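Thanks for making the time this morning. I would like to walk through one structure with you, going from single residues to charged pairs and then to the cysteines, and I will try to keep each statement close to what was computed.

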Amino acid sequence: MTDFLVIVALAALGAALAGLLAAPAVRALRRRSVALSLFAVAALAVAAMAAGTVAVAQAMFLSGHDLGVVMAVVAVSGVVSLAAALLFGRRIAAGSRELARSARTVGSEGGFVAPAEPPTAELAALSQALEETSGRLAEARERERALDASRRELIAGISHDLRTPLAGLRAMAEALEDGVAEDTARYHARMRIEVDRLAAMVDDLFELSRIQAGALALTLSRVSVYDLVDEALAGAGPLARASGVRLVDGGVVPLPVRVDAQQMTRVLGNLLVNAIRATPADGTVAVSARHAEGRVVLAVEDGCGGIPPEDLPRVFDTGWRGGAARTPRADGKGGAGLGLAIVRGIVEAHEGRATVRNAGAGCRFEVELPAAEAQAGPPPV
């Protein structure tokens, strides 16, 4: 037992001595290539094994022939081990270089193309992570492009919409100053209309900025859908009568919801105003409410003639106006393309969803909200 312990101690001493001598070389190669680092680690292991074997062989007083056999075995094993480490290290290094070249394509127009066969599981996991990151960057880039296009369209539309009433106000003010206005009361009334129109656009812009900044504060309470619809219809009634459009009951079930009553009334009001403006005279706008799979679905259906299928995904985008039926007019009956964007923002703040589809002689806008019984608490704002 004592001889065995001596042999173990000698082998450990020889291996430790070889390790101490080779440690500075391994440390110097820590920032070099993977292939060289693997080769250095393999060389250290071979050197430690050889040193321990030689120390034990010397202590056992082997014959010259036996010592030569042992050293030959150690040498062959070391060479094979070093060759295997070199080949495997070069394979890993080549895979790393290929992955590095592919990583430079992350965020490019063509997207990231993963290497065919990564040599290790770690490189395969890194390749997959880069591919997922590239996909997210592509989606973010598309969203940014869409937002940028929507922003430019909004700025152009708002500039046009502000210029029209401002030009009218300036002309009427100059006419009043020069004393050429024959009916000053009519001028004052028209100026009041234009000022109200400007104020409404500014209010919409402020509301939209709050929604997009996540600063929309909701005061939730349990209310009946019937009351929300009734209040919205009362507000849209004068516009419908002036436009010759009939508001009809499409079947409103008095379902309870937990919402901010003021904001949801604005949602329904925007949908009704949008539907009335898009519906020709003698047309109808129907309002309905129903229960579907734990959610309350409010719907406004107009007679606008429908929206081209390619435009349906953009209906709720900021600044979208669509065809001539929804384009602002000089009589002030148009909008700045903010109403439906505000609708979507308010509905999503209530953890709901706003959708649109062509139905019948026009479009059907639907607002899905969680029923009062299904809501566990107030939504995040």
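Let me begin with Gly52, which counts as buried at 6% relative accessibility. Please keep in mind throughout that this is a predicted model. Gly52 belongs to helix α2, which covers residues 34-59, and its C-alpha atom is separated by 9.2 Å from that of Ala9, although the two residues are 43 apart along the chain.

A second buried position is Leu99, again with a relative accessibility of 6%, and this one sits in helix α3. From the C-alpha of Leu99 to the C-alpha of Ala116 the distance in space is 9.8 Å, with their positions 17 residues apart in sequence.

Staying in that part of the chain, let me turn to the surface. Which residues form a positive surface patch here? They are Arg90, Arg97, Arg101 and Arg104. Of this group I will single out Arg104, which is found in the loop connecting α3, residues 64-103, with α4, residues 121-178. Arg104 counts as exposed because its relative accessible area is 64%, and the cut-off for that class is over 50%.

Now to the charged pairs. How many salt bridges does the structure hold? The count is 14, and I will take three of them in turn.

The pair to start with is Arg145 and Glu142, whose side chains meet in a salt bridge with an N to O distance of 3.2 Å. Both residues lie in helix α4 and are 3 residues apart, which is about one turn of the helix. As for their surroundings, Arg145 is partly exposed at 40% relative accessibility, and Glu142 is also classed as partly exposed, with a relative accessible area of 45%.

The next pair is Arg266 with Glu207, a salt bridge in which the closest N and O atoms are 3.7 Å apart. Here Arg266 is in helix α7, residues 261-278, and Glu207 is in helix α5, residues 184-212, so this salt bridge ties together parts of the chain that are 59 residues apart in sequence. The two partners fall into separate accessibility classes, in that Arg266 is partly exposed at 24%, whereas Glu207 is buried at 5%.

The last of the three joins Arg295 and Glu368, with 3.5 Å between the closest N and O atoms. This pair links distant parts of the chain, since Arg295 is in strand β5, residues 295-301, and Glu368 is in strand β7, residues 362-370, a separation of 73 residues. Arg295 has a relative accessible area of 25% and is therefore partly exposed, while Glu368, at 16%, counts as buried. Beyond such pairs, there is a network in which salt bridges with shared partners join Arg290, Glu301, Arg357, Arg364 and Glu366.

For those of you who look at backbone torsions, two residues deserve a mention. Asp282 has a phi near 70°, which is a positive value in a residue other than glycine. Asp282 is located in the loop between α7 and β4, the latter being residues 284-292, and at 68% relative accessibility it counts as exposed. Glu351 likewise is a residue other than glycine with a positive phi, in this case near 60°. The loop that contains Glu351 runs between α8, residues 339-349, and β6, residues 353-359, and Glu351 is partly exposed, with a relative accessibility of 44%.

I will finish with the cysteines. How many disulfides does a search of the whole structure find? The result is 0. Cys304 is in no disulfide, and the nearest cysteine sulfur, which belongs to Cys363, is 3.1 Å away. Cys363 is likewise in no disulfide, with the sulfur of Cys304 as its nearest cysteine sulfur at 3.1 Å. Why is this pair not counted? The criterion asks for two cysteine sulfur atoms within 2.5 Å, and the sulfurs of Cys304 and Cys363 are 3.1 Å apart. Are these two cysteines buried or exposed? Cys304 is buried, with a relative accessible area of 15%, and Cys363 is buried as well, at 0%.

Definitions and conventions
Residues are numbered from 1 along each chain as its sequence is written. This is a predicted model: local features need pLDDT of at least 70, side-chain atom pairs count only at pLDDT 80 or more; totals for chains, interfaces and linings use all residues. Side-chain values use heavy atoms; hydrogens and water are left out. Patches are made of residues with over 30% relative accessible area and no salt bridge: like charges are joined within 9 Å, nonpolar side chains (Val, Leu, Ile, Met, Phe, Trp, Tyr) within 5 Å. Accessible areas come from the Shrake-Rupley method with a 1.4 Å probe; for residues, only the protein chains shown count as cover. A salt bridge is a side-chain nitrogen of Lys or Arg within 4 Å of a carboxyl oxygen of Asp or Glu. Lys and Arg count as positive and Asp and Glu as negative; His and the chain ends are not counted. The place of a charge is taken as NZ of Lys, CZ of Arg, CG of Asp or CD of Glu. Helices (H or I, at least four residues) and strands (E, at least two) are DSSP runs, numbered from the N terminus. Buried means under 20% relative accessible area, exposed over 50%, partly exposed in between (1.4 Å probe, protein chains only).
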